[in-house]
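Q: Please take a close look at the largest pocket of this structure. Which parts of the chain line the pocket, and how do the helices around it pack?

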Amino acid sequence: MTTARDERRRTVEDLLQQRILSTEIEPGQRVNESQLADELGLSRTPVREALLRLEGQGWVRFDHGRGFVVTPLSADEIRETYPIIAQLEQLAVTTTGQALRTLAPVLGKINREFADSAEPGRSHELDARFHRTLVSRCGNGRLIALLARQWQTLRRYEHFYMTDAADHRRSAEQHAAIIAAIEAGDLVAAAEKLVDNTVGSMYVLLDRLG
């Protein structure tokens, strides 16, 4: 059961995520807990609870002497996380079987909306929905939960990825190729193309981070 305290913490968490994604609070910048609590008309307790959750997700870190600061984007985190997601997604697709074909119309609709989106936040939301839908029929709750945690870790990176129109367009084309393989009943090809899509994002982001 969700309590009022949970809702307050979630409000702070959502607000902080949006400000970090928009770089209103930049990487390495301190999060002013007192100012945020005053702005929202809350005590510092839900603010601190939200920051602790975001710390667990890698969005912020505690710096002795400064308090919580926004975690800089990390090439190591990209290199370590994207291959894990690629392998988990591949497992989910190959174990779903031909039931995956029933999702092709839904995936196509999501991808059309994704291709037409020009706003990074919306594009990321649609991309995440596409990937969640792909693995939704695998029947393995633990696998889906593992993926959800890894996707949450990469939310900032995916938002950053979607700011480039050419990369966005390439992702839409890769999604279309995945759907075509699913419609043809070739789950091996679909899984391989999905891996290419996910790992390709990794290389693009590493290049951008220099």
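A: The account below begins with the pocket and then turns to the helices that line it.

The model is a predicted one. Its largest pocket has a volume of about 560 Å³. The lining of this pocket consists of 25 residues, and those closest to the centre are His124, Ala128, Arg132, Trp151 and Gln152. Sorted by chemical character, the lining of the largest pocket holds seven nonpolar, nine polar and nine charged residues.

Several helices contribute to this lining. Two or more residues each come from helix H1 (4-21), helix H4 (75-96), helix H6 (120-135), helix H7 (141-153), helix H8 (155-161) and H10. Helix H6 provides the largest share of the lining, namely six residues.

Helix H6 is therefore a suitable place to begin with packing, since its axis comes within 11 Å of the axis of H7, and the two cross at roughly 165°. This angle makes H6 roughly antiparallel to H7. The crossing of the two helices is right-handed. On the H6 side, His131, Arg132 and Val135 take part, and they meet Ile144, Leu147 and Trp151 of H7. The residues of this contact comprise four nonpolar, one polar and one charged. Two of the residues named here, Arg132 and Trp151, are also among those closest to the centre of the pocket.

Helix H10, another contributor to the lining, packs with helix H9. Helix H9 spans residues 165-183 and helix H10 spans residues 187-209; their axes lie 8 Å apart, at an angle of about 170°. With this angle, H9 is roughly antiparallel to H10. The crossing of H9 and H10 is left-handed. From H9, the contact involves Asp167, Arg170, Ser171, Gln174, His175, Ala177, Ile178, Ala181 and Ile182. From H10, the partners are Ala189, Ala190, Lys193, Leu194, Asp196, Asn197, Val204 and Arg208. In this contact, eight residues are nonpolar, four are polar and five are charged.

Helix H1, which also gives residues to the pocket lining, packs with helix H2 (residues 33-40) at an angle of about 115°, and their axes are 12 Å apart. The crossing in which H1 passes H2 is right-handed. Val12, Leu15, Leu16 and Arg19 of H1 make this contact with Leu36, Glu39 and Leu40 of H2. Five residues of the contact between H1 and H2 are nonpolar, none is polar and two are charged.

Conventions
Residues numbered from 1 in each chain as written. Predicted model: local features only at pLDDT ≥ 70, side-chain atom pairs only at ≥ 80, totals over all residues. Heavy atoms only, no water. Axes fitted to C-alpha atoms, helices over the stretch in contact; angles between N-to-C directions. Helix = DSSP H or I, 4+ residues; strand = E, 2+ residues; numbered from the N terminus. Parallel < 35°, antiparallel > 145°, perpendicular 65-115°, else oblique. Left-handed = near helix turned anticlockwise from the far one by under 90°. Contact = heavy atoms within 4.5 Å. Nonpolar A, V, L, I, M, F, W, Y, C, P; charged D, E, K, R; others polar. 1 Å grid on protein atoms, 1.4 Å probe; cavity = no way out; pocket = protein on both sides within 12 Å on 5 of 7 lines; lining within 4 Å. Points joined across faces, edges and corners; volume = space filled by probe spheres on them.
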